[in-house]
Amino acid sequence: MDNHPAVSVIIPMWNAEDVIAEAIASVQAQSRGDFEILVIDDRSTDQSRAIVAKMAARDPRIRALQNTGAKGPGPARNIGISAAQGRFIAF
C-alpha cells in the first residue's frame with residue numbers, strides 16, 4: 001500500500017506574513033484530506049517562517065522548506081517539486 005499523499009500542494013513564499021496562514025488554511029479546508037502542503041520560503045525577512053512553523057507543528061501534512069539557491073518563485077517551485085511525495089502536484 002502506498003503511504004504517499006495523493007496531492008502535493010506547493011506554496012512559494014516571500015514576506016507573506018499577511019496571507020500565508022489563510023493560504024494554508026484554505027488547503028486544509030479542502031474536502032479531500034489526502035495531501036501535503038510544501039511551503040518554500042524564499043528568504044523572507046518578516047514573520048512568515050514563524051507562522052508556517054507554528055502551523056506545521058499542529059499539522060504534520062505541512063512541510064516548511066527553504067530556498068537557499070537562486071531567488072524567485074520559479075526556483076522555489078522547483079524545490080517543492082523535488083520534495084513532493086504526492087501522485088499529483090498543485091500550485
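This tour moves from the whole chain to its helix α1, its cores and a few single residues.

**Before selecting anything**

The model is predicted: local features need pLDDT of at least 70, side-chain atom pairs count only at pLDDT 80 or more, and totals for chains, interfaces and linings use all residues. Residues are numbered from 1 along each chain as its sequence is written, and side-chain values use heavy atoms, with hydrogens and water left out.

**The whole chain**

Display the protein chain as a cartoon. Three helices and four strands appear; helices (H or I, at least four residues) and strands (E, at least two) are DSSP runs, numbered from the N terminus. Along the sequence they follow the pattern β-α-β-α-β-α-β. The radius of gyration, taken over C-alpha atoms, is 12 Å, close to the 12 Å that the globule rule gives for 91 residues, so the chain is as compact as a globular protein of that length. That rule is 2.2 Å times the number of residues to the power 0.38. Along the principal axes, the C-alpha atoms fill a box of roughly 40 × 25 × 20 Å.

Colour the chain by burial next. Buried means under 20% relative accessible area, exposed over 50%, and partly exposed in between (1.4 Å probe, protein chains only). Of the 91 residues, 36% are buried.

**Helix α1 and its cover**

Select residues 20-28, helix α1, whose buried residues are Ile-20, Ile-24 and Val-27. These residues cover an arc of only 55° around the axis, which puts them on the same side of α1; the arc is that of the directions from the helix axis to the C-beta atoms. Add β1 (7-13), β2 (35-41), α2 (48-58) and β3 (62-66), which are included in what covers them.

**The nonpolar cores**

A nonpolar core is a set of buried Ala, Val, Leu, Ile, Met, Phe, Trp, Tyr and Cys residues joined through side-chain atoms within 4.5 Å. Select Ile-11, Ile-20, Ile-24, Ile-37, Val-39 and Val-52, which touch the most other members among the 13 residues of the largest core. The elements giving two or more residues to this core are β1, α1, β2 and α2. A second, separate core of six residues includes Leu-38, Ile-40, Leu-65 and Ala-76.

Now centre on Ile-20. Leaving aside neighbours within four places in sequence, Ile-20 is in contact (heavy atoms within 4.5 Å) with Ile-11, Met-13, Val-39, Ser-48, Ile-51 and Val-52.

**Two buried polar residues**

Select Ser-8 in strand β1. Ser-8 is buried, with a relative accessible area of 0%. A polar atom of its side chain lies 2.7 Å from the backbone nitrogen of Gly-86. Beyond its neighbours within four places in sequence, Ser-8 is in contact with residues including Glu-36, Leu-38 and Phe-88.

Move to Glu-36, in strand β2. Glu-36 is buried too, at a relative accessible area of 6%. Its side chain reaches the backbone nitrogen of Gln-85 at 2.7 Å. Outside its neighbours within four places in sequence, the contacts of Glu-36 include Ser-8, Arg-61, Arg-63 and Gly-86.

**Two loop residues**

Finish in the loops. Asn-15 lies between β1 and α1, has a positive phi near 45°, and counts as partly exposed at 28% relative accessibility. Arg-43 is found in the loop between β2 and α2; its phi is near 65°, a positive value in a residue other than glycine. At 33% relative accessibility, Arg-43 counts as partly exposed.

How values were computed
A polar contact is a pair of N or O atoms within 3.5 Å; within protein, one must be able to donate a hydrogen and the other to accept it, and residues adjacent in sequence count only if both atoms are side-chain atoms.
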